[in-house]
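Trainee: Please walk me through one part of this model slowly, the stretch around the metal site. I'd like to see how the pieces there fit together, not just get a list.

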Amino acid sequence: MKTKLLLAVVLFCLAGQATAIGVKGDAAAGKQKATACAACHGADGNKTLDNSYPKLAGQYPDYLLKTLREYKSGKRVNAVMAAQVQALSEADMANLAVYYGSLKGQMGVVK
Ligand code: HEC
């Protein structure tokens, strides 16, 4: 019983790590690019312009990268974000995803 529990804990930790290292990117480079995003998503990825702008801080990098790719390809349709991602390379998007994923997300009541 104890062995099974230990195994479950180990697998759980490994799964968590896999998520964290799923996207290869440079958080420092992402931070530099993020100045363009701060106006709407907040300098820290938390204090957004208003409640219609999603918080990015603490989001899974995998999700952020997938989303940015989808804005770029047109799979996810939003005029504002489509314009934002056009000039971004795949590396830029990965860096931004890792950067925002590295920030601490703040939960809170809707303003
Ligand atoms: C002019 C305002 C504005 C700027 C600047 C901006 N965004 Fe956005 N962003 C939005 C809006 C509005 C949405 C919600 C769009 C939707 O509903 O799909 C959004 C959504 C997103 C999402 C999806 C979040 C989710 O939870 O699904 C990501 C990721 C994102 N933005 C990243 C960025 C990055 C990275 C930059 C800088 C390169 C950036 N945004 C710049 C307005 C902006």
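Mentor: Let's begin with Asn 78, which counts as partly exposed because its relative accessibility is 34%, and partly exposed covers the range between 20% and 50%. Keep in mind that this is a predicted model. Asn 78 sits in the loop between H4 and H5. A polar atom of its side chain lies 3.3 Å from the backbone nitrogen of Val 80.

Now go on to the metal. His 41, through NE2, and Met 81, through SD, coordinate the iron atom of the ligand at 2.0 to 2.1 Å. His 41 belongs to helix H3, residues 38–41, and Met 81 to helix H5, residues 79–85, so the two of them tie together parts of the chain that are 40 residues apart in sequence. What is the geometry of the site? The site is octahedral, with six donor atoms around the iron and angles among them of 87 to 178°. As for the two coordinating residues, His 41 and Met 81 are both buried.

Next, look at what else surrounds the ligand. There are 19 residues around it, and the ones that come nearest are Cys 37, Cys 40, His 41, Tyr 63 and Met 81. Three side chains are worth clicking on for their polar atoms. For Tyr 63, an N or O atom of the side chain is 2.4 Å from an oxygen atom of the ligand. For Tyr 71, a polar side-chain atom is 2.7 Å from a ligand oxygen. For Arg 76, the separation between a side-chain N or O atom and an oxygen of the ligand is 2.8 Å.

If you display pockets, the space that the ligand takes up is the largest pocket. H3, helix H4 (61–73) and H5 are the elements that each give two or more residues to the shell around the ligand. Which of the elements gives the largest share? That is H4, with five residues.

So how do H4 and H5 sit relative to each other? Two pairs of residues give you some distances to check. Thr 67 is in helix H4, and it is buried because its relative accessible area is 10%, under the 20% cut-off. From the C-alpha of Thr 67 to that of Met 81 is 10.0 Å, with their positions 14 residues apart in sequence. The second pair is Ala 82 and Leu 68, whose C-alpha atoms are 8.6 Å apart, again for residues 14 apart along the chain. Ala 82 is in helix H5. With a relative accessible area of 22%, Ala 82 is partly exposed, whereas Met 81 is buried.

To put all this in context, zoom out. The protein is built from six helices and zero strands, and the order from the N terminus on is α-α-α-α-α-α. It has 111 residues, of which 27% count as buried; His 41, Met 81 and Thr 67 are among them.

Notes. Residues are numbered from 1 along each chain as its sequence is written. This is a predicted model: local features need pLDDT of at least 70, side-chain atom pairs count only at pLDDT 80 or more; totals for chains, interfaces and linings use all residues. Side-chain values use heavy atoms; hydrogens and water are left out. Donors are N, O and S atoms within 2.8 Å of the metal (3.2 Å for Na, K and Ca); water is not among the atoms, so sites may look incomplete. Four donors count as tetrahedral if all angles lie between 85 and 135 degrees; four count as square planar and six as octahedral if opposite donors are over 155 degrees apart and all others between 65 and 115; anything else is irregular. Helices (H or I, at least four residues) and strands (E, at least two) are DSSP runs, numbered from the N terminus. Buried means under 20% relative accessible area, exposed over 50%, partly exposed in between (1.4 Å probe, protein chains only). A residue is near a molecule or strand if one of its heavy atoms lies within 4 Å of it. A polar contact is a pair of N or O atoms within 3.5 Å; within protein, one must be able to donate a hydrogen and the other to accept it, and residues adjacent in sequence count only if both atoms are side-chain atoms. On a 1 Å grid over the protein atoms alone, a cavity is a set of points where a 1.4 Å probe fits but cannot get out, and a pocket is an open set with protein on both sides within 12 Å along at least five of seven lines; lining residues have an atom within 4 Å of a point. A molecule sits in a cavity or pocket if more than half of its atoms lie within 2 Å of its grid points.
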